[in-house]
Amino acid sequence: MVSSGGGTVPPGLPGLDPRFSHVLRVPDGGGAATHGRVAEWHYLDNGPELAARGIEPVGTVLAVHGNPTWSYLWRDLLNLATETAVAEAAATGERPGGVPDAWRVVAVDQLEMGLSARSGGVRSLPERVAGLGAFTDALGLNGPVVTLGHDWGGVVSLGWAVDHPDLLAGVALLNTAVHQPADVPIPAALRLALAPPVHRLGTSTTRAFLETTLALAHPRLPSAVADAYRLPYRTAGDRAGIEGFVADIPATAEHPSRPELDRIAAGVAALKVPALLLWGPRDPIFSDRYLDDLIERLPHARVHRFEGAGHLIAEDVDYAGPVLDWLGSGASGADAFTGPGGPSTSGLTSAPEAPDPASGPAVSPSGSAFRPMWAGLDERAGDDATRSEAAVLDMSGSGPATVSWGALDRQVRRIAAGLHLIGVRRGDRVSLLVQPGPTLTALVYACLRIGAVVVVADAGLGIRGLTRAQRGAWPQYLVGRTTALAAARAFGWPGVRISADPLDPVRRRALGVDHELVDVARAGEGLDLPPEPGPDDEAAVLFTSGSTGPAKGVVYTHARLSALRDVLAAHFGVGAETGLVTGFAPFALLGPALGTRSVTPDMDVSAPRTLTAGAVAAAVRASDARMVFLSPAAILHVVDTAGELDAADRDALERVETFLSTGAPISAEMLTAVQALMPHAAAHTPYGMTECMLVTDITLEGIRAAATAPDDGVCVGRPIVDDAAGGVTISALDADGAATGAPSSAEVPGVLGEVLVRAPHLKERYDRLWLTDVAAERDTPPGHWHRTGDVGHLDAEGRLWIEGRLSHVLTTADGPLAPVGPEQSIERAPGVRRAAVVGVGPAGVQQAVAVVEPPADAGRRDRRAGLAPQELDAAVRASSSVALAAVLVVPQMPTDVRHNSKIDRARLARWADGVLAGGRVSAP
Amino acid sequence: MTVLVTGASGLLGGAVARLLVERGEQVRTLQRSLSGVPGAEDVAGSVTDPAVVARAVDGADAVVHLAAKVSLAGDPAEFERVNVRGTEVLLDAAERAGVRRFVQVSSPSVAHAGASLVGVGAEPADPARARGEYARTKAASEVLALSRDRGPAGRASLPGPHQGAGAAQGRSQPGDDGGTPAGDDDFRVVAVRPHIVWGPGDTQLVERVIDRAARGRLPLLGHGAALIDTTYLDNAAAGIVAALDRLGDRPDAVRGRAYVLTNGEPRTVADLLTGICRAGGVEPPRWRVPAGLARTAGGLVEAVWRVRPGADEPPMTRFLAEQLSTAHWFDQRAVRAELGWRPAVSIDEGMRRLAAHYGGTAG
């Protein structure tokens, strides 16, 4: 059969410059039918464009599309790489050894695909890999080369990578897979496509496979773009390659291409070059399972999951920018692409940075050496004087059940060894879906001890949020009670399922449970424990509340978790005799680490409003605890139920010395009310976030003192960690409301800016959100600082005032304006229950607009969405601390689903913009 | 300095003339009747009459040109004659008389094609897209005026056919131009577009609103929620004088440019109408007309009024309906920085002064 086809792209395809289109004739080493012939490869290449401008690139990206797309997939990268190279060359001038950030991009059309030749033959995976090598040889491609692949093109690109260690400088992948576990069925969508009659009809004869793939884009592809994808596949003959490619998927162990796939999979695991994985989770073919497999093979990879993106991730999101940013990060040393012989072959990405006392906390804040989380438990259990004292008390059920230090230690060791026995290894993730109490405590410390990474997502995320979190973190194991196991089964949460409760065989089968915790612990009895993890090993992935976008996983190392323990102990004076009552989940687990007894009051932790004053008092009485942690939502109900306390309850509460409200802001009134129940306790309310749980702290007295200050915002007190170990700084805002990164310290009080924090107990990073990591540290001072996204200022006394979120800052002609201060002033006006100040108009000249929600008992007319009635308008203006262009009313503030308390200001701003432009007035 | 102010019998023209008299300038005014500005030398006549205009500019160092036909409807030829031809006559005469500075008072409507303007700057005037005869002819006259801006020899921007005759040489007093030496061939033009000027004595907006509201004939268009920039009278006058001064001391920063001038405090239409009504001691509007209907009706009314010239002003035009139901407010950063001017009277203070004048209540 004679090779046909092979041509340059026609003009007019959206986003594709025909000048990038080239054809190369290469001796065909493909299938037997074509051997000895010449194959015509079509490929896109910006190399000649760069050469024409005298730009020598630092390296080449070799991009391989999947099935049934073609090199058109990579047009954005070609464009951006070329623009960047030209801009960079203009900025730096010509340089020997290449212009930094100038990358050549070569994107091939695989043979039988795109505009490359059709031979009529079927090409197997080894032939495709070898063919790509023949192509790059013929092109004369020299290093360094970074491969980039999507879909089954990912496998081919990795095959090339494994075969060209001398040229390889990095690998980048969009949704792909290199391994199909024997016990996991291939994705249903592909299984169907592979069924023989469906296969031919679906892939070649009809265009179903092509059309289905194009339909996977979120949002839909513009029709001109979809047409460009269809261009090389217009006739059944054109589509034969699609069919051949699908047929070559090594779905079973017996498939002829399987050995090659296994060879590549093993080779990838040995790669030490920088790696980038960009992933669209909404992919019916390459699910997060395959991402997890790739991470296991390339543990040093930079990983970003684009929530909401799918299989056609290259169409769904801007992937080209991140790819070039990643390539560019080589210049700054984060990832090095120097090619063979350079640092890239020596395991570079986890290369230790210069020692930094705050960012690399191998020492605790007090300067002592790293103490693992279980050290406190070991000490108390190892000391005969304390061995039989209470470590954890369980208030659920009829009465307090006490677990001694000795019993807890024994249970931790049994579970740890048992988990190891069933295959849990250091770095494996274990999702814990168990309520706080002795079982959860033992599980957490068992996992920590063997280096398993604890995954904790609050049930308050709801099923959708939890599903997203479980898929995102992709734990290898999941421990849960029956409800959690049922959800795991119903929603396809990953992980070998371990039941925290004994189950009968029927239920066990129905829930897909592999192990029962009681068996695991029994099996671990008396076994030796594996070596301890080190301070820099991952310890936990904690999920954010999800109130500011989809919940994000936050990774803590052992060192950082231990630092949290130490800063808590040091700041609040927690000692062995303190005793903790914790109605706030994260701190419930720190008791054993602190070496003090802990108790969770009888409540549903995922529903804080179930906590009563009586339950708190009972927990305090049972444990004789001196310290109580509660969330603001719980406090509300505790205060409401204070009437049920008896004399003994009140006596017990009088012995409480420290009270903490944690998790969200609380009003002075509410703090005062709860302090009335614990009259001898110092009431604290720390400010923090999942990324750094203790940033500043303020007492009730401090709040009262701040009330007389003229500052805008909510005073959250002084930094808990002093400047030597980290601290808090303000990154001043520019006229456009962007944080400049130029830090402003307490010496320049009053400057509005983004709050930056640095602390030994700060998160290590976000989980599988590399771009979010980069954004969280962009424009920060040297060291491991974190951009909180909150804005505020430091006052002359060093107190931090929070004035809102960075994304809510208005940019007026007079400069940036944070909303919280004006909102506080407006909420003092009669007839206003809640207020939000939003900006309308373009950035830089925005006008402040007050949107107010009247009290629930206001009349219907006064609650109608639109302009405020005259009286209310006048009252709001009189009360407001800033000039207002308009006062609008909404019957009810739009709020986030999670808390039903945080006002959705972005939505309000869009609504106000429309109304005040003269548009229709409907509810926001 | 001798300054000719045209249209000084109008609200804004009078305010500008008074401000200049107060600070000691020689002020000459040109309008069809008397200006009523104490201390000013009145020249009566039309800006379209070359002989009158030549007399008015004789000996003047600067011109502030406000005279225009301002109306919602009327004979297109009359708009053309007064606004375009009148400006041309004045420009010709001013250049011949050796006038150095020319402030063309214009209107933001010269760049308004009907859609909402939200936080925008001063777009170029565009007669082809402006809505209505007033806006179209004001756009044409602004384009004409700015095209006459011409630097001293060596950096002439637009030579043009109307070279200055140098007749005024030697008449301008030393120091008039803030130390910037002016060559013979230096004609500095700036356009200032105050947006919706109001204040006590304003017959165009304030008294019309009060009058209609008193007769129960003032509806709100749509929800009255469109944000609109306005300019309190004293601020507009001060801004125009600032532009005149900048042509003297920092000509290169401002010449040849157009500036929209407002209080920088956009308010909703409903707020403004309510404020004016209360200041005037009448009930604010209570009934609404859908904005789309008003626009359609405005178009009809306009057409009817066009075939019965000489009649009273139409109660509604398409232009007015658009003005009152779409947002238009402006980016004031450049104008404040470059003119070195900030509004001294806030909207609230302006309403108080309005109330004091009309005997109503403010706020």
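The following legends describe close-up views of a predicted model containing chains A and B.

**View 1. Confidence of the predicted complex and of chain B.** The predictor assigns the complex an ipTM of 0.84 and a pTM of 0.82. For chain B, the mean pLDDT is 84, and 81% of the residues of this chain reach 70 or more.

**View 2. Residues 154-182 of chain B.** Throughout this stretch of chain B, pLDDT stays under 50. The model nevertheless has 53 contacts beyond four places in sequence for residues 154-182.

**View 3. Helices α14 and α15 of chain A.** Helix α14 of chain A spans residues 375-382, and helix α15 of chain A spans residues 405-421. Their axes come within 8 Å and cross at roughly 125°. Angles from 115 to 145 degrees count as oblique, and α14(A) and α15(A) are therefore oblique to each other. The crossing in which α14(A) passes α15(A) is left-handed.

**View 4. Residues that join α14(A) to α15(A).** From α14(A), the residues L377(A), R380(A) and A381(A) take part in the contact. They meet W405(A), G406(A), L408(A), D409(A) and V412(A) of α15(A). Of the residues in this contact, five are nonpolar, one is polar and two are charged.

**View 5. The contact between chains A and B.** Chain B contributes 24 residues to the contact, and chain A contributes 17 residues. On the side of chain B that touches chain A, the elements giving two or more residues are β6 (117-120), β13 (267-268) and α8 (269-279) of chain B. The residues on this side of chain B comprise eight nonpolar, 12 polar and four charged.

Technical notes:
Residues numbered from 1 in each chain as written. Chains lettered and ligands numbered in written order. Predicted model: local features only at pLDDT ≥ 70, side-chain atom pairs only at ≥ 80, totals over all residues. pLDDT = per-residue confidence, 0-100. Contact = placed C-beta atoms within 7 Å. Axes fitted to C-alpha atoms, helices over the stretch in contact; angles between N-to-C directions. Helix = DSSP H or I, 4+ residues; strand = E, 2+ residues; numbered from the N terminus. Parallel < 35°, antiparallel > 145°, perpendicular 65-115°, else oblique. Left-handed = near helix turned anticlockwise from the far one by under 90°. Nonpolar A, V, L, I, M, F, W, Y, C, P; charged D, E, K, R; others polar.
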